[in-house]
Amino acid sequence: MNICLFTSEEIKNPLSTADERGQHLIKVLHKKEGESFSAGVIGGKAGKATIEKIEDGKIFFSFVEETDGKNLFPLKMIIGFPRPIQLKRLLRDMAALGVCEVHLTKTELTEKSYLSSDLATTDAGTKMLLDGTVQAASTHVPELFIHKSLRECLDYIKENSGAGIKLCALDNIEPTATLGSLEFNSEEGACAAIGSERGWTAKERQLMKENGFTLLGMGSRVMRTETAATVAASIILNSMGCLA
């Protein structure tokens with residue numbers, strides 16, 4: 001836990017020692033009265049919290065704001081639903097990298113059972129994004145969207161993105177260029193689409209091209225969805241200068 005995150009209400013009140021965060025502070029970090037730890041408000045400021053006292057099963061602390069937190073980068077990721085165990089890691093990594101939005105979508109080759117998993121039907125997906133945000137010592141959590149179809153997803157992206165956003169879809173069947181050959185910038189922003197485990201269908205490739213997406217490759221090796229998403233996001237963010 002590289003930062004202890006609280007809601008705007010939680011930051012004003014004592015933290016229970018039974019809380020996961022309280023357990024981490026006392027049992028893992030061995031924090032005592034008078035000592036400080038990194039803390040922040042979800043979606044808000046980051047700073048230092050100082051433990052004033054620990055009594056009656058509660059950690060009383062004060063919080064001093066220091067920064068606006070680490071802002072998210074203008075990169076939206078479209079992900080075809082992978083198997084849940086992969087999705088957990090993928091969501092953590094997307095948050096750790098600092099993408100601004102994650103769009104999970106059903107594709108023609110998505111296994112239907114994935115859509116009934118906890119990650120798709122509860123707040124478990126948001127919890128994974130929060131875990132990745134904590135890993136990055138950030139306060140800003142990417143937004144999570146779940147779409148019933150690729151068409152629905154692309155319509156949403158079109159309606160909620162600036163005119164200059166660069167659109168690309170990773171594909172190892174019909175790529176027109178390599179992802180590394182394109183230049184991206186943080187002013188326009190970007191949206192990258194990664195297919196589910198069996199990739200895109202011909203119909204989906206055509207749909208994306210009709211919506212302004214360029215099909216790009218990352219070499220001849222076939223990657224897991226989570227690996228492809230992490231590699232693609234890293235390449236784009238590096239091109240934007242976000243990883244400098």
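## The end of helix H6

Gly 212, just after helix H6, adopts a positive phi of about 90°. The model described here is predicted. Helix H6 itself covers residues 202-210.

## Two sides of H6

Four residues of H6 are buried: Glu 204, Arg 205, Leu 207 and Met 208. Viewed down the axis of H6, the buried residues fall within an arc of 160°, so they line one face of the helix. The spacing follows from helix geometry: an α-helix has 3.6 residues a turn, so residues three or four places apart point the same way.

Ala 202, Lys 203 and Glu 210 are exposed, on the other side of H6.

## What H6 packs against

The partners of the buried H6 residues are one helix and three strands. The helix is H5 (150-159). The strands are E9 (166-170), E11 (190-194) and E12 (214-217).

## The protein as a whole

H6 is part of a protein with 7 helices and 12 strands. The C-alpha trace spans about 65 × 40 × 35 Å along its principal axes. Of the 244 residues, 43% are buried. Among contacts with a separation of 6 or more, 71% join residues 24 or more positions apart.

## Surface and charge

The exposed area of the protein is about 12200 Å², and carbon and sulfur atoms supply 49% of it. Side chains counted as charged comprise 28 positive and 32 negative. The centres of these two sets lie 5 Å apart.

Key:
Residues numbered from 1 in each chain as written. Predicted model: local features only at pLDDT ≥ 70, side-chain atom pairs only at ≥ 80, totals over all residues. Heavy atoms only, no water. Buried < 20%, exposed > 50% of the residue type's maximum accessible area, 1.4 Å probe, protein only. Helix = DSSP H or I, 4+ residues; strand = E, 2+ residues; numbered from the N terminus. Arc of directions from axis to C-beta. Contact = heavy atoms within 4.5 Å. Areas by Shrake-Rupley, 256 points an atom, 1.4 Å probe, with all protein chains shown as cover. Lys, Arg positive; Asp, Glu negative; His and termini not counted. Charge placed at Lys NZ, Arg CZ, Asp CG, Glu CD.
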